[in-house]
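Thank you all for coming; I will take a few minutes to walk through one structure, place by place. Please have a look at it before I begin.

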Amino acid sequence: MGGRVHKSILNAEVNLIFYFLSLFLTFFSRKIFLNNLGAEFIGLTGTLNNILGYLNLSELGISACIGYFLFKPIQCNNRQEIQDILSVLGYLYNWIGCIIFTGAFIISLFFPLIFSNAALELDIIYFAFYSFLGSSLIGYFINYRQILLGADQKNYLVAIYYQSARLVKLILQIYLAYNYKNLYVWVAIEFLFGIIGCIILNWKINKEYPWLKVDKSRGRLLLKHYPEIITKTKQVFIHKIKDFVLVKSDELFIFLFVSLKMVAYYGNYMIIISKLISMFSAVTGSVGASVGNLVAEGNKEHMLKVFWEYTTIQHTIAATLTFSLYAFLEPFVSHWLGFDYIMDNHILILLVAYIYITNSRNSVDSFNYAHGLYADVWSAWAELIINVGVTIICGLQWGIIGILLGKLASLIPIVVFWKPYYLFTSGFKKSVRFYWQNVIRNYVISAFAIGSSLYLIQLVPISPYRTIWDWMTYSAVGMIIFLTIDLSATLLFAKGAKDCFNRIKNMRKR
């Protein structure tokens, strides 16, 4: 237990350091890129990456399954089994890489039709697409071993080397974009640093696990000894399709139903949202592997105790994200890029509702993953059909608002109601009534804290739109009000809150 907690703390510390290092660069670079490369090009990069995201679905969720199968041998320090499992992964990823390349080539033949209305030349579209493709394929042919670092709770190593390379890349791209405004150079740097990051990461893996010998040629034979990998993969594949369409296809739908320019506008909002989420993920990001190791130990009582601690943390994070985004995002965009980049307020309302649901669900998802509960493929199909159906109908009529309505319509019945039921009945072997009797407190606390805080900050005699300093003061006062209300109510009423507080207090004493 001590080792697991220590690794989680180390992951959190390293991730937080790199989060704050990259925060300023990300926002500064976005403004430079928009001003010097154009909203059309930035929208193009988002669209191309989403097209590649669809192709990456052929990964079939194998990495999630491999991570699940690695928990036990890592706990038992069974090096031979770890090598065998990674050999299977290497063999499967070789085939997947070839499939992705073939699919990408076929899709690229239709670019003259897909981008017929784009104000960019086909040369830069093809150059950007194949550069992004090359960076993606590196992960399948070379970088697949990094999954061991995640399962072993050593993602801080990935952060140290990979994020350092990313920061250098951003600085170089900012300099070149500002001085030369050349789209080809920007894309070339993106691809070059993909290669550099790969070399550095593999060097570190070899140093961390000098005993690790992966033989892809043996992977095909070894696969026969792990038939459950194929079974789990078939189940996870459907969930992966659903997750991608729900989470990652926004920009593609916006391109199809609205415009390439609006892809960039929406992307500005998503950068802010993703950065806020990343700040919290830096602290909780290694929990998945930690929960996997916890479930491998088999202590149900301790599992439930940790589940409620984690659930309380995730609902607190979700409420904090929801409040801060709704209260502070629009004035920040006005200072960062200008009033012209602020979108319809209804878009923001739907976005924060989506953010709350997706972030409060993380505890249920982590424990389902750790238990290997993927057999509910019907729920993935249902969520996918609802999402795509509502998105197409509403997206054609209301644009981005319709796309977000599609996401919410699919999330509520499956994520809010079904997933907890599946975990408690098939994982914890308890009635889901026990879940709802306790989690309803979290929903009530969040609603009360957000609503009362939004009312109270209206009384603050500062306009966050006036200057950036006024925005910072307004935001600081607003967060003090919100955190005081939310944390007080959470500590008094939420299940697992006191256990979580005691755990944090004990960590600080060590």
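Let me start with lysine 181, which sits in the loop between α8 (155–180) and α9 (183–208). Before going further I should say that this is a predicted model, and everything I describe is computed from it. The phi angle of lysine 181 is near 50 degrees, which is a positive value in a residue that is not glycine. For context, most residues other than glycine have a negative phi. As for its surroundings, lysine 181 is partly exposed, because its relative accessible area is 47%, a value that falls between the cut-offs of 20% and 50%.

A second lysine belongs in this part of the talk. Lysine 429, found in the loop between α19 (400–427) and α20, also has a positive phi, of about 60 degrees, although it is not a glycine. With a relative accessible area of 61%, lysine 429 counts as exposed.

From that loop we can move into helix α20, which covers residues 432–457 and contains serine 453. Is serine 453 buried or exposed? Its relative accessibility is 0%, and it therefore counts as buried. Leaving aside residues up to four places away in sequence, serine 453 touches Phe323, Ile481, Phe482 and Ile485.

Valine 88 is another residue to look at, and it lies in helix α4, residues 79–108. Valine 88 is buried, since its relative accessible area is 0%. Again not counting residues up to four places away in sequence, valine 88 is in contact with Gly219, Leu222, Leu223, Tyr226 and Ile229. Taking one of these partners, valine 88 and isoleucine 229 are 141 residues apart in sequence, while their C-alpha atoms are 9.4 Å apart in space.

Let me turn to the aromatic residues, where the count comes to 36 aromatic pairs. In one of these, the rings of phenylalanine 307 and phenylalanine 424 have their centres 5.5 Å apart and their planes at 75 degrees, so the pair is edge-to-face. This pair links distant parts of the chain, with phenylalanine 307 in helix α15 and phenylalanine 424 in helix α19, 117 residues apart. Phenylalanine 307 is buried, with a relative accessible area of 0%, and phenylalanine 424 is likewise buried at 0%. Both residues belong to one aromatic cluster, whose members also include Trp308, Tyr356, Phe417 and Tyr443.

Next comes a pocket, the second largest, with a volume of about 720 Å³. Which residues are the closest to its centre? Of the 26 residues that line this second largest pocket, they are Leu23, Phe27, Leu276, Phe332 and Trp471. The elements that give two or more residues to this lining are α1 (2–37), α13 (260–284), α15 (300–336) and α21 (468–493), and the largest share, eight residues, comes from α15. By residue type, the lining of the second largest pocket divides into 20 nonpolar, four polar and two charged residues.

I will finish with the cysteines. How many disulfides does the structure hold? The number is zero. Cysteine 198 counts as buried, because its relative accessibility is 6%, and cysteine 394, at 14% relative accessibility, counts as buried as well.

Technical notes:
Residues numbered from 1 in each chain as written. Predicted model: local features only at pLDDT ≥ 70, side-chain atom pairs only at ≥ 80, totals over all residues. Heavy atoms only, no water. Helix = DSSP H or I, 4+ residues; strand = E, 2+ residues; numbered from the N terminus. Buried < 20%, exposed > 50% of the residue type's maximum accessible area, 1.4 Å probe, protein only. Contact = heavy atoms within 4.5 Å. Disulfide = S-S within 2.5 Å. 1 Å grid on protein atoms, 1.4 Å probe; cavity = no way out; pocket = protein on both sides within 12 Å on 5 of 7 lines; lining within 4 Å. Points joined across faces, edges and corners; volume = space filled by probe spheres on them. Nonpolar A, V, L, I, M, F, W, Y, C, P; charged D, E, K, R; others polar. Phe/Tyr/Trp six-rings, centres within 6.5 Å; stacked < 30°, edge-to-face > 60°.
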